Amino acid sequence: MPDTALTGPPAHPTDPDTYAALHADATALLDGWRPTSPAAAAARDRTRELLDGGPVTMSRPHRPGHVTASALVLDATGSRVLLCLHVKFGRWVQLGGHCEPTDRTLAGAALREATEESGIAGLRIDPVPIDVDIHPVGCQGGSLHHDVRFAVLAPPGAVEQVSDEAEALGWFPPDRLPEPLAGGTVQLVAPALAALRRSPLRLAP
């Protein structure tokens, strides 16, 4: 998890400097990313257009849409995925959420969210995205999440702990995911497994 100790006045989400480093990372990351599907390519292009609005597009208050980060957590063998039954949505979904002022990279934001929501220490992340998805949400009375997704690997023997945002956490075989399942979650399985085969996952910067 990132260091939350800040010096000087507290960061404000609408201050252009608050998300400057994260915005620069997101822009460079998506510019250099090879999409994993035609739908992901279209979502990447729309997200890059959103990012042209500046660092504020990384923050929750940006009502036209904001960038979020999520992670599909795999067990140490790659034979199960960890999903949460979300309190608000009532559906099984990958871990993730809003970026915070202390986040400096999107991969770091995804790893922080996965750690907080799973209660598992020692997670490792592939810093190359596996998907980008855009979907409507209730933030600010109605907004869009431009969600950048990553593959995360849990250590051997990992034991999950349910957070306040979940009714339950569960491990599932990739070909037998639970119902009701959030839209967009199933499409993460194939690229996440490909990321695991491609190279050892590592800690995010």
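## A buried histidine in S7

His146 is buried, with a relative accessible area of 3%. That falls under the 20% cut-off for a buried residue. The model here is predicted. His146 sits in strand S7.

Which residues does His146 touch, leaving aside those up to four places away in sequence? They are Arg46, Thr47, Leu50, Gly65, His66, Val67, Thr68, Asp133 and Ile134. Among these contacts, His66, Val67 and Thr68 are also residues of strand S1.

## Strand S1 and its partners

S1 is largely enclosed by the rest of the structure, because 9 of its 9 residues are buried. In a regular strand the side chains alternate between the two faces of the sheet. In S1, His66, Thr68, Ser70, Leu72 and Leu74 point one way. Val67, Ala69, Ala71 and Val73 point the other way. Both sets are buried.

S1 pairs with S7 in the parallel sense, over 9 bridges. Within that pairing, His66 has His145 of S7 as its bridge partner. S1 and S4 run antiparallel and are joined by 4 bridges. Here Ser70 stands opposite Gly96 of S4. S1 and S2 also run antiparallel, with 2 bridges between them. Leu74 of S1 faces Val81 of S2 across this pairing.

S1 and S2 form a hairpin with 6 residues between the strands. Gly78 in this hairpin takes a positive phi near 75°.

## Cover from helix H4

Helix H4 spans residues 189-198. Its buried residues include Val189, Pro191, Ala192, Leu193 and Ala195. What covers the buried residues of H4 includes S1 and S7. S1 and S7 are also the strands that pair over 9 bridges.

## The largest pocket

The largest pocket has a volume of about 800 Å³. Its lining is made up of 35 residues. Nearest its centre lie His86, Phe89, Gly96, Gly97 and His145. Two of these names appear in the strand pairings: Gly96 stands opposite Ser70, and His145 is the bridge partner of His66.

Which elements give two or more residues to the lining of the largest pocket? They are strands S1 (66-74), S2 (81-86), S4 (95-98), S6 (131-137) and S7 (143-153), together with helix H3 (106-118). The lining divides into 10 nonpolar, 13 polar and 12 charged residues.

## One aromatic pair

The count comes to 1 aromatic pair. The rings of Trp92 and Phe172 have their centres 5.0 Å apart and their planes at 75°, so the pair is edge-to-face. The cut-off for that label is over 60 degrees.

The pair links distant parts of the chain. Trp92 belongs to strand S3 (residues 92-93) and Phe172 to strand S8 (residues 166-172), 80 residues apart. Are Trp92 and Phe172 buried or exposed? Both are buried.

## Arg91 in the S2–S3 loop

Arg91 lies in the loop between S2 and S3. Arg91 is partly exposed, with a relative accessible area of 39%. That value sits between the cut-offs of 20% and 50%.

The C-alpha atoms of Arg91 and Pro180 are separated by 5.2 Å, although the two residues are 89 residues apart along the chain. Arg91 touches Pro180, Leu181 and Ala182. Arg91 also touches Cys84, Leu85 and His86. Of these, His86 is one of the residues nearest the centre of the largest pocket.

Note on methods: Residues are numbered from 1 along each chain as its sequence is written. This is a predicted model: local features need pLDDT of at least 70, side-chain atom pairs count only at pLDDT 80 or more; totals for chains, interfaces and linings use all residues. Side-chain values use heavy atoms; hydrogens and water are left out. On a 1 Å grid over the protein atoms alone, a cavity is a set of points where a 1.4 Å probe fits but cannot get out, and a pocket is an open set with protein on both sides within 12 Å along at least five of seven lines; lining residues have an atom within 4 Å of a point. Grid points are joined across faces, edges and corners, and a volume is the space filled by probe spheres set on the points. Ala, Val, Leu, Ile, Met, Phe, Trp, Tyr, Cys and Pro count as nonpolar, Asp, Glu, Lys and Arg as charged, and the others, Gly among them, as polar. Buried means under 20% relative accessible area, exposed over 50%, partly exposed in between (1.4 Å probe, protein chains only). Contact means heavy atoms within 4.5 Å. Rings of Phe, Tyr and Trp (its six-membered ring) pair if their centres lie within 6.5 Å; planes under 30 degrees apart count as stacked, over 60 as edge-to-face and the rest as tilted. Two strands pair if DSSP finds at least two bridges between them.
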